Each structure stands twice: as structure tokens, then as C-alpha cells.
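User: I am new to this structure. Please walk me through it with short questions and answers.

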Amino acid sequence: MKKKILIIGFGSIAKKLLKFLKKNINCEIAILRTSKKNSEQVGCNFFFKDNDALKFNPDYIFICSTANLHSFYFKKFKKLKANIFIEKPLLFKKDQIKHFEKYKYNSVVGYFLRFHPAIIYLKNFIKKNISKVRIVNLEAGYDVRKWRPNRKLDTTASTNKNLGGGALLELSHEIDIATWLFGYPSEIFCEQQKLSNLKSDVDDFTKIILNYKRRKTSILINLDLLQNKYSRSIKIILDNMVINFDYIKNQILLHKNKKTKKINFKFDLNDIYEKQIYFFLNRFKRNDKNIYNKYSDIISSVKLSKLLFQLSESSRLKKKLKFKLS
């Protein structure tokens with residue numbers, strides 16, 4: 001039987017997903033959206049009322065709405081007990097956490113960089129050498145006007161506070177990777193700023209410090225929506241070596257004892273995104289303990305959300321905070 005897939009929302013991410021599904025997956029697709037504009041041009045079923053989408057009874061649900069609606073649609077559709085995929089960030093208000101904390105069914109949250117082969121390489125390396133790690137720098141930046149071309153900045157989710165925009169949430173991949181590689185910190189500091197003259201009400205530059213006092217490790221994260229040229233990298237300083245990873249070049253450099261080892265990867269971000277979708281649709285097994293913690297599910301994303309909210313609180317209070325998962 002064909003898989004029944006429901007896509008909620010019809011923005012750029014949903015359209016990218018639809019294109020991939022139609023090309024690669026034998027499935028019946030339906031889309032839930034609020035606007036009927038251009039719906040007839042897509043060539044699949046559309047629902048404009050939640051109850052009609054519920055009656056479709058999908059096997060898989062992709063929540064691709066703006067972040068402010070993730071919690072709303074999750075509460076509405078979780079009773080179907082379908083496999084649920086939610087685009088990142090999981091949520092954007094602290095009081096929404098309670099709706100997700102006890103969910104135990106199959107789920108994936110869209111932090112797809114965990115599927116990047118270079119990140120997996122770093123994960124395995126750090127697991128063996130974590131006691132030697134001292135300083136980590138993660139950086140991601142891109143001009144939001146190029147990221148969202150032909151869109152008014154005051155209406156796009158990336159630059160609208162009420163829709164869950166801003167550098168902290170839009171670029172939270174870096175924070176997810178930091179905690180996936182190194183665990184959660186004991187102390188945090190964050191400063192969110194709006195440095196540009198763009199017409200938006202969100203932070204376009206955010207700097208973060210995560211301190212691991214017992215391990216004597218500090219992680220520095222810079223996120224921005226300003227850079228004219230896309231930039232993304234990780235630098236890890238250990239007691240006896242330095243590791244550089246450049247996403248653009250898909251290359252890791254290991255510097256040790258005046259020698260450099262180069263490791264190249266042949267994947268791009270679209271490959272990684274598609275790998276995550278394939279995993280969700282075909283290889284996810286709820287009882288396979290070996291794959292837990294290798295991808296981002298609702299349980300791990302609730303923890304990440306708690307960190308994001310406390311980082312925002314640190315910025316508001318303009319001081320360091322002890323991080324608490326409880």
C-alpha cells in the first residue's frame with residue numbers, strides 16, 4: 001500500500017519537501033494550508049480545514065508551518081499516533097513545552113545536520129577525546145535578503161518575531177550540533193542584537209557562550225543573518241591538536257605536531273536533507289535503541305528548546321546563568 005503523507009503548511013520548505021516526495025517516494029500526498037492561492041497548480045490533494053485533514057488519517061505527518069504554529073498543529077494531530085516530522089525549531093514559547101514532554105511515539109525534528117557525514121565523523125572522534133577538548137568555535141551566517149529572495153522582510157518568518165524568526169531560532173542548528181557533540185553546559189551566556197537597518201523586529205546577530213566547568217571546556221557560537229557570503233564552520237581546539245571543519249568546502253583539517261590531515265566529504269546540504277527524509281519514511285524503527293540519540297526527536301528537541309529559552313533569558317537579563325534542564 002502507498003504511504004499516506006500529510007504536509008502541513010505550504011511555504012518554501014513544504015514545497016521543497018513536496019518536490020522530493022513526488023520524485024522519490026511512492027505515496028499519496030495531501031497538503032493542509034489556509035490559503036487556496038495556486039493550489040490547483042500543484043497536482044495533489046489539498047485540505048483547508050483541520051477536520052478534513054484528520055479524516056485523511058495519514059501514516060506520516062510533516063509539520064512545515066511557521067514556528068509559532070508547530071505546537072498548535074502538533075496538539076491537533078498527535079492523537080492520530082502517526083509518525084510526526086516537525087521542522088525546526090520545535091517551538092518558540094516556553095509555555096508550549098508541556099504539550100511535547102510526554103510524547104512517546106515516532107518523531108523526528110528537522111535538525112538535519114546530524115546526518116552530515118562530517119558531523120558524524122566529529123561525533124565519533126569527540127566521543128573518544130572529549131576530555132581533551134578546551135575551546136570550540138561554531139559560526140554560521142548568511143544575508144537573510146539572499147536567503148529569502150523576493151520576500152518582504154516584514155512578512156517572512158525568518159525576520160518576524162511573532163512567527164519565530166531571528167538568528168537564535170533560525171540558526172539553532174549550530175546549538176543543536178554543539179549539544180549533540182558535547183552535551184549540555186553548566187553555565188550559559190547569550191547576547192542577542194539587531195545590528196542592521198533591516199525592517200525586522202528580531203535579532204540578526206547572536207553570540208553565545210556555553211561553559212562546561214567540570215570538563216574545563218568553553219564553546220563560543222556566533223550566529224548572524226547579515227553576511228553577504230554564506231559562511232559556516234566549526235573549530236575544535238584540543239590539548240594536542242586543532243580540528244577545522246568548513247561546511248562550504250565539505251572538508252575537515254586535523255592539525256597535529258606540525259602535520260595536517262585532510263578529509264574530504266562529497267555531500268551537500270540537499271543530500272543531507274534528503275537523507276533525513278528517507279530515514280524518517282523508511283528506516284525509522286521505534287524499538288531500535290542503537291539509533292536513538294543519533295537524530296533529533298521530540299524528546300531531545302524539548303531539551304534543546306529549554307536551552308534556547310534560557311539563552312534568550314540570559315540576553316534579556318544581560319548576565320550569565322546556570323543552565324537547568326528541569
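User: How far apart are the closest N and O atoms in the salt bridge of Glu191 with Lys207?

Analyst: This is a predicted model. Glu191 and Lys207 form a salt bridge. Glu191 lies in strand 8 and Lys207 in strand 9 (residues 205-212), so the pair ties together parts that are 16 residues apart in sequence. The closest N and O atoms are separated by 3.3 Å.

User: Is Glu191 buried, partly exposed or exposed?

Analyst: Buried would need a value under 20%, and exposed one over 50%. Glu191 has 27% relative accessibility. Its partner Lys207, at 34%, counts as partly exposed. Glu191 is likewise partly exposed.

User: Which residues are joined into one network by salt bridges that share partners?

Analyst: Glu187 and Lys320 meet through their side chains in a salt bridge of 3.9 Å, N to O. Glu187 lies in strand 8 (residues 187-193) and Lys320 in the loop between helix 9 (298-317) and strand 15 (321-322), so this pair links parts 133 residues apart in sequence. Glu187 is buried, with a relative accessible area of 13%. Shared partners make one network of Glu187, Lys213 and Lys320.

User: How many salt bridges does a search of the whole structure find?

Analyst: Side chains of opposite charge can pair when their charged atoms come close. One such salt bridge is between Arg134 and Asp239, at 3.0 Å from N to O. Searching the whole structure gives a total of 9.

User: How many residues apart in sequence are the parts that Arg134 and Asp239 tie together?

Analyst: Arg134 is partly exposed, at 26% relative accessible area. Asp239 is exposed, at 52%. Arg134 sits in strand 7 (residues 133-141), and Asp239 in the loop between strand 11 (231-238) and strand 12 (242-246), so the salt bridge ties together parts whose separation in sequence is 105 residues.

User: Are helix 7 and helix 9 parallel or oblique to each other?

Analyst: The axes of helix 7 (residues 173-182) and helix 9 come within 11 Å. They cross at roughly 120°. The crossing is right-handed. Helix 7 and helix 9 are therefore oblique.

User: How many nonpolar residues are in the contact of helix 7 with helix 9?

Analyst: Helix 7 brings Ile175, Asp176 and Thr179. They meet Leu304, Leu307, Leu308 and Leu311 of helix 9. By class, this contact has 1 charged residue, 1 polar residue and 5 nonpolar residues.

User: What is the angle at which helix 4 and helix 7 pack?

Analyst: Helix 4 covers residues 117-129, and its axis is 9 Å from that of helix 7. Ile119, Leu122, Lys123 and Ile126 of helix 4 make the contact with Ile177, Trp180, Leu181 and Phe182 of helix 7. By class, that gives 7 nonpolar, no polar and 1 charged residues. The packing angle is about 35°.

User: Is Ile272 buried or exposed?

Analyst: Ile272 is found in helix 8 (residues 269-283). Leaving out residues up to four places away in sequence, Ile272 touches Phe112, Leu113, Phe115, His116, Pro117 and Phe267. Its relative accessible area is 0%, so Ile272 is buried.

User: What distance separates the C-alpha atoms of Ile272 and Leu325?

Analyst: Ile272 and Leu325 are 53 residues apart along the chain. Their C-alpha atoms are separated by 29 Å.

Methods:
Residues are numbered from 1 along each chain as its sequence is written. This is a predicted model: local features need pLDDT of at least 70, side-chain atom pairs count only at pLDDT 80 or more; totals for chains, interfaces and linings use all residues. Side-chain values use heavy atoms; hydrogens and water are left out. A salt bridge is a side-chain nitrogen of Lys or Arg within 4 Å of a carboxyl oxygen of Asp or Glu. Helices (H or I, at least four residues) and strands (E, at least two) are DSSP runs, numbered from the N terminus. Buried means under 20% relative accessible area, exposed over 50%, partly exposed in between (1.4 Å probe, protein chains only). Axes are lines fitted to C-alpha atoms, for helices over the stretch in contact, and angles run from 0 to 180 degrees between N-to-C directions. Angles under 35 degrees count as roughly parallel, over 145 as roughly antiparallel, 65 to 115 as roughly perpendicular and the rest as oblique. A crossing is left-handed if the near helix is turned anticlockwise from the far one by less than a right angle, and right-handed if clockwise. Contact means heavy atoms within 4.5 Å. Ala, Val, Leu, Ile, Met, Phe, Trp, Tyr, Cys and Pro count as nonpolar, Asp, Glu, Lys and Arg as charged, and the others, Gly among them, as polar.
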